[in-house]
Amino acid sequence: MSTTWHVLGAGSLGMLWATRLARAGLPVRLVLRNEQRLQAYQAAGGLTLVEQGQARHYPVPGQTADAPEPIKRLLLACKAYDAEAAVASVAHRLSADSELILLQNGLGSQDAVANRVPLARCISASSTEGAFRDGDWRVVFAGHGYTWLGDPAHPVAPVWLDDLTAAGIPHEWTADILTRLWRKLALNCAINPLTVLHHCKNGGLQAHHCEVATLCAELTDLLERCGQPMAAEDLQPEVERVIQATAANYSSMYQDVANGRRTEISYLLGHACKVAERHRLALPHLEQVRQRLIAHLHNLGLPGD
Ligand code: NAP
């Protein structure tokens with residue numbers, strides 16, 4: 001019998017994973033925030049995945065953190081700032097042979113989660129798939145991509161990667177997941193905050209070439225100093241390529257701010273600045289961008305963390 005996938009968080013990525021796993025006939029349970037959300041979900045009767053304009057319904061069973069059965073495999077699909085509390089809410093259902101897959105962007109939340117549940121195996125993920133909610137319990141699969149998974153503490157791949165293959169979730173196991181997470185964080189730090197501060201699409205940063213280059217130089221110093229030289233390699237040319245290739249897009253941080261949603265700043269730019277401080281590395285431009293961004297968020301009435 002397959003191990004049940006408990007998916008915590010019925011947001012964009014949680015629904016995208018839950019529906020595809022369920023479609024492959026795998027056992028899935030959706031863990032919802034509270035009884036009220038569970039009742040609303042049960043009234044809707046399941047999740048809807050919209051793919052290439054076609055909507056399909058999947059009656060994935062829901063539950064709250066208080067459900068009695070143990071959790072052997074947990075896909076943590078909330079935002080980085082919710083991860084620690086979300087895991088704490090189900091910690092009593094986890095054991096030494098539980099495995100957690102952490103979908104959070106940025107860095108910092110993975111360690112916070114691992115410290116909360118030191119016995120469980122924590123696998124980090126970095127995904128380029130794109131999805132958004134266009135209604136309650138409905139997700140639109142917006143961009144095909146890839147998910148890299150890895151466990152810095154334990155390089156052996158888990159057997160359940162077969163479930164991902166069965167579900168058609170493109171993935172790869174990597175021993176270098178930290179390099180991937182750091183590289184993605186650096187790309188994010190060089191692009192996303194500036195799109196918010198300059199109020200522009202990614203392509204608008206072509207007009208701020210010097211500012212981008214200065215941030216890339218500081219980020220390269222940081223990655224080299226904190227033992228991530230591979231993540232530092234040719235950072236600036238890649239940032240420029242991403243800006244060009246995604247010129248017509250608004251960054252995820254821009255979209256969060258535009259929609260009045262909390263950003264994951266503490267796990268991206270905030271994490272970079274914190275690690276720099278720990279290494280006694282002065283990164284004046286990055287720190288200045290962080291402070292400008294926090295002031296901007298506060299002005300809009302949004303949290304600065
Ligand atoms: P999202 O749409 O905001 O979904 C997060 C979900 O987690 C929300 O439904 C939230 O519930 C739920 N949640 C939070 N705390 C919970 C708790 N204690 N118990 C139960 N549910 C809880 O976020 P997302 O876009 O899927 O992003 C998840 C992570 O993946 C982020 O770190 C993001 O940066 C990363 N990521 C996203 C994408 C994408 O395309 N969406 C791509 C790559 C990476 P409420 O609605 O009740 O708050």
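## A buried pair: Glu129 and Arg20

Glutamate 129 and arginine 20 are both buried. This is a predicted model, and in it the two residues form a salt bridge, with their closest N and O atoms 2.8 Å apart. Glutamate 129 sits in the loop between S8 and strand S9 (130-135), while arginine 20 belongs to helix H1 (residues 12-23), so the bridge ties together parts that are 109 residues apart in sequence.

As background, side chains of opposite charge can pair when their charged atoms come close. Searching the whole structure turns up 16 salt bridges, and a couple of others are worth a look too.

## Asp151, Arg121 and a small network

Next up is aspartate 151, which forms a salt bridge with arginine 121; here the closest N and O atoms are 2.6 Å apart. This pair also links distant parts of the chain: aspartate 151 is in the loop between strand S11 (147-150) and helix H5 (161-166), and arginine 121 is in strand S8, 30 residues apart.

Are these two buried or exposed? Buried means under 20% relative accessible area. Aspartate 151 comes in at 7%, so it counts as buried. Arginine 121 has 16%, so it is buried as well. The pair isn't on its own, either: Glu99, Arg121 and Asp151 are linked in a network of salt bridges.

## Glu238 and Arg183: helix to helix

Glutamate 238 forms a salt bridge with arginine 183, the closest N and O atoms being 2.6 Å apart. Again the link is between distant parts of the chain, with glutamate 238 in helix H9 (residues 235-245) and arginine 183 in helix H6, 55 residues apart.

On accessibility, the partners fall into separate classes: glutamate 238 is partly exposed at 22%, whereas arginine 183 is buried at 14%.

## Helix H4 and its two faces

Now for a helix with a clear inside and outside. Which residues of helix H4 (residues 109-116) are buried? They are Ser109, Gln110 and Val113. These residues cover an arc of only 100 degrees around the axis, which puts them on the same side of H4. Turned away from that buried side is a face carrying the exposed residues Asp111 and Asn115.

So what covers the buried residues of H4? The cover includes three strands, S6 (73-76), S7 (99-102) and S8 (121-127), along with helices H3 (80-90) and H6 (177-197). Two of these elements have come up already: strand S8 holds arginine 121, and helix H6 holds arginine 183.

How values were computed:
Residues are numbered from 1 along each chain as its sequence is written. This is a predicted model: local features need pLDDT of at least 70, side-chain atom pairs count only at pLDDT 80 or more; totals for chains, interfaces and linings use all residues. Side-chain values use heavy atoms; hydrogens and water are left out. Buried means under 20% relative accessible area, exposed over 50%, partly exposed in between (1.4 Å probe, protein chains only). Helices (H or I, at least four residues) and strands (E, at least two) are DSSP runs, numbered from the N terminus. The arc is that of the directions from the helix axis to the C-beta atoms. Contact means heavy atoms within 4.5 Å. A salt bridge is a side-chain nitrogen of Lys or Arg within 4 Å of a carboxyl oxygen of Asp or Glu.
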